[in-house]
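Me: I am new to this one. Can you put it up and take me through some of its contacts?

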Amino acid sequence: MTLYLYLIISAIIFTIGAYGIITQRSGIKILMCIELMLTAANLNLVAFSSFNGNAAGQVFALFSIAIAAAEAGIGFAILVALFRVRDTINLDNINILRW
Amino acid sequence: MNYVLLAPEILLTVLALIVIFIGLLVSDRSKNMLGYISAAGLVASLVYVLGTKGEGSFFYNALVIDPLSQFFKLIFIVVSLLAVIASIKYFENNRNQDEYYALILLATVGMMVVASANDLVSLFVGFELASMSTYVLAGFEKKNPASLEAALKYFIIGSLSSALMLFGMSLVYGVTGSTNITAIIEFFKANPAVSGLDVIAMVFLVAGFGFKMALVPFHMWAPDTYEGSPSVVSALLAAGSKKMGFVAAFRVLVLALVALRADLWVTFGILAVITMTYGNIVAISQRSIKRMLAYSSIAQAGYIALAFVVTTQMSIAGGILLALGHALMKGGAFIAVAVVGYMVLSDNKNAKNIDDIENFAGLGKRAPITAFALFVFFLALAGIPPSAGFIGKFVLFYSITIEAVRQASTWFLIVVIIAILNSALSIYYYARVIRYMYVLPPAGEKIKEPAPYVIAIVLAVIGTIGIGLYPQPFIEMAMNAANVVLGV
Amino acid sequence: MAALISLMILISLIGAIITFLTRTREQARAVALLASGISFVISLILFLRFDSSIPTIQFAESYPWIVSLGISLKFGVDGIGMPLVLLSNIVIPLTVIFAWGETKQANQFYGLILLELVGVLGVFTSLDFFVFYIFWEIVLIPMYFLISIWGGPRKDYSAIKFFIYTHVASLVMLLAIFSLYFNAWQISGTPNFDMFYLLKNYSVIESSMLKDAIFLALLFGFLVKMPAVPFHTWLPDAHVEAPTAGSVILAALLLKMGGYGLFRVILPLLPFSGSPGELVIVMAIIGVVSILYGTFLALAQRDLKKMVAYSSISHMGYVTLGAAAIVPLSISGAMYQQFSHGLITCVLFMSCGVIQHSAGTRIIGDLGGIAKYMPKLTFLMLAGFLASLGLPGMSGFIAEFLVLVNSYFTLPNFVILALFGIVFTAGYHLWAMQRAVFGTYNEKLGHIHDGANYEMFSMAVIILFVIYFGLNPNPVLTMMTTNSEQLYTVLKGVVIP
Amino acid sequence: MFGEISALIVLLPVLAFVLTLFLGKKLPSGGAYLPIAAIAGSFIISLGTFLEIYPDGMVQQSWPWFAGMNIGILIDPLAVVMLMMVSFVSLLIHIYAVGYMAHDPAKPRYFAETSLFTAAMLSVVLSDNILQFFISWELVGLCSFLLIGFWYHKPSAAAAAKKAFLVTRVGDVLFLAGIVLLYVNISEIITTRAFSIEPGNFILQFSTMFEAAKLIDPTQLTLITLLFFGGAVGKSGQFPLHGWLPDAMEGPTTVSALIHAATMVTAGVYLVARTFPMFVATPDTISPGVPDALLIVAYVGGFTALFAATMGLVMNDIKRVLAYSTVSQLGYMMLALGTAGAVLGAKAVGISMFHLIAHAFFKALLFLCAGSVIHAVGTNDIREMGGLFGKMKITAITMLIAALALAGIGFPFAGLGMPIMNIGTAGFFSKDAIIEGALEYGEVKGDMIPYGMAILAALLTSIYIFRLWFMTFTGKPRSERHAHESPGVMTRPLMILAIFALLFGFSQLGFYGYVEKNFELMNVEIAVHEGEAFHPSPIIVMLPVIVGVLGILISYAIYNRRMLDMSKLVSSGNPIYKLLLNRYYEPKLGADIIGVKLTHGVVAQSGEFIDRKIIDGLVIDNIIGKTVFMLGEIVRKLQTGVVQNYASVTLLGLGLLIILLKIKFGGI
């Protein structure tokens with residue numbers, strides 16, 4: 001039952017992240033929300049690994065943390081580049097591509 | 001366990017590093033050679049992939065080499081090759097070429113890893129490697145807001161869906177206690193009772209792969225990204241990284257679902273039908289050719305997804321064939337659009353939306369080779385014989401028809417009829433462009449089509465028609481791959 | 001001399017490619033004429049060496065292609081295909097000659113015409129269902145271009161309508177082919193796309209529902225091509241917009257593909273279908289309705305060319321009717337109608353083309369009395385119109401006579417209905433002639449000139465063919481009859497309610 | 001030896017047609033001499049054949065054609081007399097045409113077409129099977145179409161040509177239907193009644209037909225014969241398909257003389273005579289002892305004779321008067337076949353054919369005279385003629401002879417039992433016989449209606465023809481155009497024909513005897529429904545002549561002496577006159593209402609509407625086409641371009657999938 005505790009927490013975190021992605025306007029915040037979701041997944045992995053009694057999950061978590069970092073880096077880079085040309089990172093205004 | 005089989009991946013990784021390294025040393029002028037170098041590397045690995053037969057598994061069975069992986073590696077390398085060749089012209093004298101080529105190579109490696117991944121970890125890593133490289137590539141024109149916007153959208157939706165995928169993977173791991181796909185399948189085989197959690201996990205995976213496949217409703221990023229990115233990168237995305245989603249789906253979903261005896265064909269049927277219809281219907285009303293191609297590739301994804309509806313050897317072989325065909329046709333088409341862009345810009349430096357259909361008027365006179373190539377690609381996409389597109393659709397539709405016949409199921413029949421009507425409908429927007437190219441008067445004088453483009457396009461054309469004229473070997477390969485998918 | 005057929009197809013294909021590559025229109029048309037001429041000679045050799053006393057496939061060739069799907073390039077002709085092969089090779093060279101004066105993108109124009117030849121020859125000779133389908137589809141593309149590049153004001157609409165409409169039909173047909181193929185595969189365990197093999201195994205399908213579904217799908221595919229009411233609406237638009245050469249090929253050859261399908265595929269399947277009698281009635285109704293409907297709509301047209309288009313719908317109705325009557329001679333009559341209509345309709349569309357080109361309009365009301373300045377055309381056009389309204393002594397009469405007389409055995413009421421059409425057929429032909437060609441000259445047309453010699457030549461040659469085959473149908477009719485009698489041996493069992 | 005080469009009878013004119021068509025322009029007088037020579041050849045061969053086969057020989061040749069049909073030649077008495085007549089009259093008219101058409105630039109076309117016509121007509125006559133008969137019959141119709149529309153730049157001519165073709169086409173379709181029905185029935189009795197066609201014979205040969213007629217189901221037989229008769233009605237301008245013949249006068253007069261008086265229009269009668277055994281074999285359901293088919297033939301013929309004569313009374317166009325007279329006379333021939341056929345059997349064929357040939361001579365003569373008059377005064381309207389007698393004597397006299405022949409003037413000495421043979425014009429002999437036949441029919445079968453119609457028609461005939469003659473040649477000129485006699489090339493044929501019109505009658509008995517043998521030669525016995533011996537009273541015998549003379553006197557009184565003023569009668573106020581002048585409103589009804597308004601206006605146009613607007617417009621374009629586009633426009637708007645919405649769609653999809661699968665699998 002404690003496993004379910006972890007799962008519920010991670011689910012909550014995941015949902016918060018998802019909610020944030022939908023509602024936030026600033027690119028930065030959206031990046032953070034994505035990080036939240038990844039974290040939720042990592043939490044899952046670790047929890048499962050300790051309950052399944054094998055380390056694969058934790059290894060996986062390590063991988064994913066590294067990847068998340070790289071992802072964040074790229075994300076910020078893109079935002080910065082965008083800011084240079086558009087002077088905004090408010091995603092509501094970034095819609096020249098549509099229909 | 002001979003790592004020689006992994007030579008292509010290794011070669012390309014090393015090559016990527018070398019390219020960056022050279023980039024540091026040489027002057028911007030001479031960076032143009034990097035394109036040739038990476039092309040050579042890709043050719044080498046292509047030859048290798050075609051040449052080697054052996055199978056094997058590596059790193060504690062995290063990577064496997066089998067017909068499926070080889071077939072898709074073939075696709076990925078060919079597409080990257082086309083993209084690279086075209087880029088030699090597209091990014092000529094661009095001072096960041098080194099990074100560009102390195103990224104393409106890394107993306108290729110990522111896709112190849114996914115193709116042969118047999119462990120959720122390696123799958124995830126490969127996925128992310130490919131994704132991140134392509135995020136950057138999509139936004140490679142730093143001064144062009146469209147390109148950056150494309151990159152941003154691609155990035156946000158992409159990382160969202162990789163989060164979903166990771167979450168799904170974590171659940172799978174939780175249920176099965178292992179990250180190794182073989183083990184997972186074993187587990188499912190052992191206790192096939194559908195616990196609900198595993199199905200949810202599957203759905204998350206579907207979402208994650210569906211993002212790459214651009215299946216409705218995970219497709220939203222695709223039109224914007226394909227439209228905004230540099231055409232050559234669009235080619236890579238549409239033709240290459242899209243297939244990454246499929247191979248992953250083939251590897252994990254099909255096996256898992258077969259093992260679970262959880263027939264999701266209704267789900268996939270609905271997804272496929274909606275996807276193809278959506279893609280075609282929206283494509284009709286597009287004026288930007290790149291966007292039209294984007295929607296058409298969504299539609300194609302719908303066709304390929306039919307393979308999941310009836311998971312028979314035939315259908316999966318058909319899906320794989322269509323994937324191959326689509327890689328060639330779409331890749332070639334995007335590169336052809338790049339030629340048009342080049343043409344338009346050479347007419348007038350600061351032309352806006354250069355892929356507007358108006359710019360295709362009289363292309364048959366202005367750029368005959370490109371026009372003819374586009375003509376071939378479009379007809380192939382519409383499924384007119386003899387072409388790769390036709391062979392793929394032929395086998396695919398056949399597989400579903402015979403399922404309809406065998407199980408006397410009206411639903412399959414309806415599905416295939418919708419598919420047929422779709423491919424008839426798609427003729428409309430392809431033919432419209434063809435008309436622009438050949439019927440309308442040219443807007444300018446004839447141009448000299450740059451050699452790299454021509455080479456890339458001609459290769460694609462040869463592939464498209466060649467498969468149509470002599471599909472025998474490819475069908476066999478696809479069949480073997482399908483056997484792997486079905487774990488036979 | 002075994003590979004004559006593939007040689008014929010290959011030569012036209014190579015000719016097409018060379019034509020595309022030529023620079024000047026002189027070269028283009030010369031090459032086109034040469035290639036189609038050679039192809040004609042070969043078909044003539046085939047025709048002369050053809051043994052009309054046996055119903056089997058002759059000059060058969062076979063080359064393996066896609067082994068894993070059991071697909072191979074099989075060619076061959078029998079009494080059903082041979083006349084149409086000859087027809088194609090008669091029509092195409094004459095079309096090239098007729099269009100001798102084409103100036104706009106000449107190399108593409110003649111090249112596309114040759115591609116059409118390749119396509120129809122492939123359809124009429126290939127005995128592998130897969131290959132058959134491929135040629136069936138290929139035919140669409142050159143026609144699409146012929147319409148949309150050289151066509152009239154509404155060419156875009158018509159071309160795309162033609163393309164999609166017929167493409168849907170062929171896809172539906174493809175589904176049926178799939179089922180046949182799968183069925184045969186189930187039985188033998190080895191994939192094989194051989195046409196006769198697939199048709200043979202149709203009979204062992206258990207569920208009669210599936211049988212009917214396959215049958216109807218195939219029938220639909222062919223009827224749309226023919227075209228039969230109510231699947232005909234693509235035809236008038238396509239014809240009205242197409243250039244003359246395009247219309248000629250469309251009416252003379254492409255429509256024949258549908259009829260060919262009836263004899264090659266539908267009739268052999270008929271007796272084994274779930275409910276043969278009803279299906280026969282369905283076909284008969286479609287046939288008669290097409291005859292009458294086409295006639296009355298032709299009567300209503302203002303545009304000469306559109307009138308001719310509807311007249312072909314009406315004439316192709318005889319093919320359906322004759323096929324539905326499943327009497328040996330009625331089937332032969334239907335086949336003969338295909339052949340003869342293929343010739344006659346050329347003259348009609350060529351006349352429309354000449355008038356359009358010379359007077360600048362095809363609207364019957366705006367013409368009038370052009371016979372005064374176009375005596376040669378008037379002569380040939382009149383001959384064509386008379387042939388088309390079934391005047392004895394011309395090939396059309398033989399066909400219609402055979403169909404009507406022999407269909408009466410099985411479908412008396414339908415024949416009586418069809419007979420009604422004859423009067424009105426004569427009616428709209430002569431009425432159009434009277435208003436467009438005879439009467440006082442309409443001065444608003446300004447000074448018009450007679451058709452060019454090459455145009456007159458090709459029309460005259462076709463008229464000669466029409467008369468020859470009207471007086472001596474045997475060379476073609478015998479081989480048709482041989483095959484229709486062989487078909488009848490299977491069809492005997494069918495009882496019509 | 002003529003029998004062997006009898007195929008040339010047809011082939012020579014065909015050859016002439018081809019040569020004239022392509023070389024005509026280069027030859028003198030439009031190559032007129034080619035057809036003349038060719039037709040002369042045909043005539044000689046016909047004559048030779050006649051002499052060969054007389055009295056009881058036949059020529060039969062047959063070659064297989066397609067699908068069990070054949071092409072063949074059958075020259076029996078019936079055919080040979082017709083052959084001689086056709087080739088002879090055609091020859092004369094061709095000669096006449098050299099003068100008549102001298103100034104027409106399109107001479108070559110004219111002569112080509114007429115020789116083609118002659119060929120086709122000859123082939124009708126000597127064909128030995130119904131299919132070839134039909135084919136030639138159609139070709140004859142084609143030539144008639146071409147020649148009526150010879151001056152195609154005249155709208156009226158083009159219209160008339162079309163009308164002629166279409167109206168006869170109606171008959172032809174019936175004829176074709178008859179052939180179809182016949183074919184089917186024969187093949188049925190072959191299977192059911194063990195009827196066999198011995199080798200060398202073919203299914204549609206007349207001989208086969210006659211044998212089969214005995215076995216075919218009677219009602220079917222009646223149907224077949226009536227369908228054949230329908231064809232005859234069309235070609236021979238019988239009621240109700242008579243309307244095209246008067247309009248056909250738009251063609252050159254020579255054409256009218258050749259096609260619409262002497263030869264083609266009689267083809268209908270010839271058809272009935274040809275297939276007479278089948279008509280006789282039909283059952284007698286309507287009136288006992290009278291085969292239904294013959295009864296109908298009789299009534300249609302009789303009625304047409306009378307009906308056409310009434311219109312002949314009021315026409316002012318010289319050629320139309322003659323046209324209606326032709327229709328009326330053809331009615332007589334039908335009447336003969338019908339009535340006499342019922343009582344005298346095969347003799348009826350003799351009677352009818354005799355009148356046919358006599359009529360050919362004097363009617364051709366009438367037309368040629370009319371032609372020479374028109375040639376002279378340049379108008380067709382007899383109201384503008386008059387007083388021409390002095391100016392063109394030959395024409396006037398020959399035409400008078402012809403008129404007398406048409407009116408059937410003569411004296412039946414023998415008929416009154418005197419020891420002298422009858423004296424009279426050709427028409428006298430031929431028509432008297434017909435009326436007698438009708439009378440005998442009436443006596444035997446107790447049905448006098450046909451006889452009454454015949455007598456009444458006879459009266460009207462002589463009235464209108466002499467009205468014509470008097471108005472043309474007597475009185476004072478009503479136009480100051482200077483008329484003159486036609487050249488010799490035109491007058492000589494007139495004289496020759498006049499001689500025939502005068503003297504041909506005397507061959508009556510021999511002719512009957514010869515033609516009656518026809519069916520015996522084909523060993524088809526004809527059931528004769530003989531009544532008791534029949535001796536009419538003298539007054540009855542004289543009646544036809546009396547009415548003839550009476551008619552002459554009436555028209556003399558009115559149109560020459562002007563004894564009573566016609567102005568009241570022929571005013572447009574007089575409804576009967578209007579009715580006649582408008583030809584019983586037949587053109588209006590046929591062409592305008594049925595042709596244009598109903599067929600074209602209603603049926604065709606509504607069809608067009610359905611096709612374009614509903615099938616095509618509504619279904620294809622709007623429902624399918626438009627909806628797809630609309631859908632596209634709507635759906636693409638979902639792509640807002642705002643990335644959060646994309647994310648929400650993605651997550652929404654995820655949620656939906658989960659719910660869907662929850663529903664499917666349950667769990668948790």
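Reply: What follows covers two chain interfaces, a helix pair and a nonpolar core. This is a predicted model, in which local features need pLDDT of at least 70, side-chain atom pairs count only at pLDDT 80 or more, and totals for chains, interfaces and linings use all residues. Residues are numbered from 1 along each chain as its sequence is written, and chains are lettered from A and ligands numbered from 1 in the order in which they are written.

Me: How many residues of chain A are in contact with chain B?

Reply: 33 residues of chain A, with 35 residues of chain B on the other side. Contact means that the C-beta atoms, placed from the backbone, lie within 7 Å.

Me: Which element of chain A gives the most there?

Reply: α3(A), with 16 residues. The elements giving two or more residues are α1 (2–23), α2 (27–52) and α3 (56–86) of chain A. Helices here are DSSP runs of H or I with at least four residues, numbered from the N terminus.

Me: And what is that side made of, by class?

Reply: It has 24 nonpolar, six polar and three charged residues. Ala, Val, Leu, Ile, Met, Phe, Trp, Tyr, Cys and Pro count as nonpolar, Asp, Glu, Lys and Arg as charged, and the others, Gly among them, as polar.

Me: What about chain D against chain C?

Reply: There, 35 residues of chain D are in contact with 38 residues of chain C. On the chain D side, α6(D) gives the most, with 14 residues. By class, that side has 23 nonpolar, six polar and six charged residues.

Me: Different topic. How do α11 and α14 of chain C cross?

Reply: The axes of α11(C) (residues 244–269) and α14(C) (residues 328–359) come within 8 Å and cross at roughly 170°. The two helices are therefore roughly antiparallel, a label for angles over 145 degrees. Axes are lines fitted to C-alpha atoms over the stretch in contact, with angles from 0 to 180 degrees between N-to-C directions.

Me: Which residues touch the most other members of the largest nonpolar core?

Reply: B:I335, D:F361, D:A364, D:L365, D:A402, D:A454 and D:A501, out of 728 residues. Such a core is a set of buried Ala, Val, Leu, Ile, Met, Phe, Trp, Tyr and Cys residues joined through C-beta atoms within 7 Å, where buried means 20 or more other C-beta atoms within 10 Å of the residue's own.

Me: Which helix gives the most to it?

Reply: Helix α13 (residues 313–347) of chain B, with 22 residues.

Me: And what is D:A402 in contact with?

Reply: Leaving aside neighbours within four places in sequence, D:A402 is in contact with D:F362, D:L365, D:L366, D:C369, D:A498 and D:A501.

Methods
Two residues are in contact if their C-beta atoms, placed from the backbone, lie within 7 Å. Angles under 35 degrees count as roughly parallel, over 145 as roughly antiparallel, 65 to 115 as roughly perpendicular and the rest as oblique. A residue is buried if 20 or more other C-beta atoms lie within 10 Å of its own, exposed if 12 or fewer, and partly exposed in between; C-beta atoms are placed from the backbone.
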